[in-house]
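Reader: Hi! Could you take me through one part of this structure up close, the place where the protein meets the DNA strand, and then tell me a bit about how some of the strands pair up?

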Amino acid sequence: MAELYIRVAEDENEEPMEIPSEDDGTVLLSTVAAQFPGACGLRYRNPVSQCMRGVRLVEGILHAPENDWGSLVYVVNYPKDNKRKMDEMDAASAVKMKRSIEKTSDLIILGLPWKTSEQDLKDYFATFGEVIMVQVKRDVKTGNSKGFGFVRFTEYETQSKVISQRHMIDGRWCDCKLPNSKVFNQCLGSPMRSRKIFVGRCTEDITTDELRQFFMQYGEVTDVFIPKPFRAFAFVTFADDQVASALCGEDLIIKGVSVHISNAEPKHNNSRSPSLAAMFDQTPYQYPSSHV
DNA sequence: GTTGAGCGTT
């Protein structure tokens, strides 16, 4: 599809602005946000049904309905807590609620045969339900399996079933459990008022632009930082601390990689996380009063 | 080129 411009407006009755598409016909959310700061998506009125329809958004990329943007006017979506008069807590509690009801987690698989590959894992676990991520942990130098890995399912019922039994994989009995990091996270108390999140388990091919485009869907992103040289983590700062705290504890999938979101800790700090310190120490962790 | 309880390059 040749490069073209699509018509975007704040509101159906406002004058539209022309916004460029990419070579493949998609439109980047970041392009929209450049003109409409805080935008998190697009919608349009379907000429046939007269209903508003949402535009497909995958990892920061907006896809044309029916592969053709046409001459329709697309209307900007904003995060609910920006536009509507919602209670202060709603954005955060909505995510937390969703998580507590039926949110899947990465599961650790212990005892894998050395030869088992990610494809083997995917083939095996697909018999239980839809798999959205598998990993075999390997020695970075030799590439040899460390004998354990991770799996993530779409459906919570699938996860429950998989946890409830042992698994014969390539001739060995393996256990699937909630990883320790998860168990601790469930004990996390009140979130701190930080607008910055720590994005752990990043791979080297994930760029700052991709992080920005991905996290835009949750709220306005004001900063992305990736340490160099590569250290497998990044920081993302939102305009709204509610968005940041709502994401803490989540495992999100970016470019097929499961990254882990936690609160960005203060720089000078002992190696133990606040939640661990709070659990094992008598003295509660003191959150810093001013922290960006 | 080995191994067999564990926990994902903060």
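Author: Here is a walk along the surface near the DNA, followed by a look at some strand pairing. Keep in mind that this is a predicted model.

Let's start with who is there. There are 24 residues around DNA strand B, and the ones that come nearest are Asp 106, Leu 112, Phe 198, Arg 201 and Ser 262. Sorted by class, this surface has 12 nonpolar residues, 7 polar ones and 5 charged ones.

Now flip to the DNA's point of view. If you take the atoms of DNA strand B within 4 Å of the protein, 17% are sugar or phosphate atoms, and the rest belong to bases.

Some of those bases have polar protein atoms beside them. At Gly 147, a backbone N or O atom lies 2.9 Å from a base nitrogen of DNA strand B. Gly 111 also brings its backbone: one of its polar backbone atoms is 3.3 Å from a base oxygen of the DNA strand. Arg 201, one of the residues that come nearest, uses its side chain, where an N or O atom is 3.0 Å from a base nitrogen of DNA strand B.

Which elements give two or more residues to this surface? They are strands E9 (107-110), E10 (131-138), E11 (145-153) and E18 (257-263), along with helix H6 (180-185). E11 gives the largest share, with 4 residues.

On to the strand pairing. Three strands make an open sheet in the order E3-E7-E6, and their pairing is antiparallel. E3 (27-28) and E6 (56-58) are at the edges with a single partner strand each, so one side of each has no neighbour in the sheet. Between E3 and E7 (residues 61-63) there are 2 bridges, and Leu 28 sits opposite Ile 61 of E7.

Next, find E4 (residues 41-45). This strand pairs in the antiparallel sense with E8 (residues 73-77) over 3 bridges, and Leu 42 has Val 76 in E8 as its bridge partner. E4 is also joined by 3 bridges to E5 (residues 52-54), again running antiparallel; here Tyr 44 stands opposite Arg 53. E4 and E5 form a hairpin with 6 residues between them, and in that turn Gln 50 has a positive phi of about 65°.

One handy thing to know while you look at strands like these: in a regular strand, side chains alternate between the two faces of the sheet.

Conventions:
Residues numbered from 1 in each chain as written. Chains lettered and ligands numbered in written order. Predicted model: local features only at pLDDT ≥ 70, side-chain atom pairs only at ≥ 80, totals over all residues. Heavy atoms only, no water. Pairing = 2+ DSSP bridges. Near = heavy atom within 4 Å. Polar contact = N/O pair within 3.5 Å; in protein donor to acceptor, adjacent residues only side chain to side chain. Nonpolar A, V, L, I, M, F, W, Y, C, P; charged D, E, K, R; others polar.
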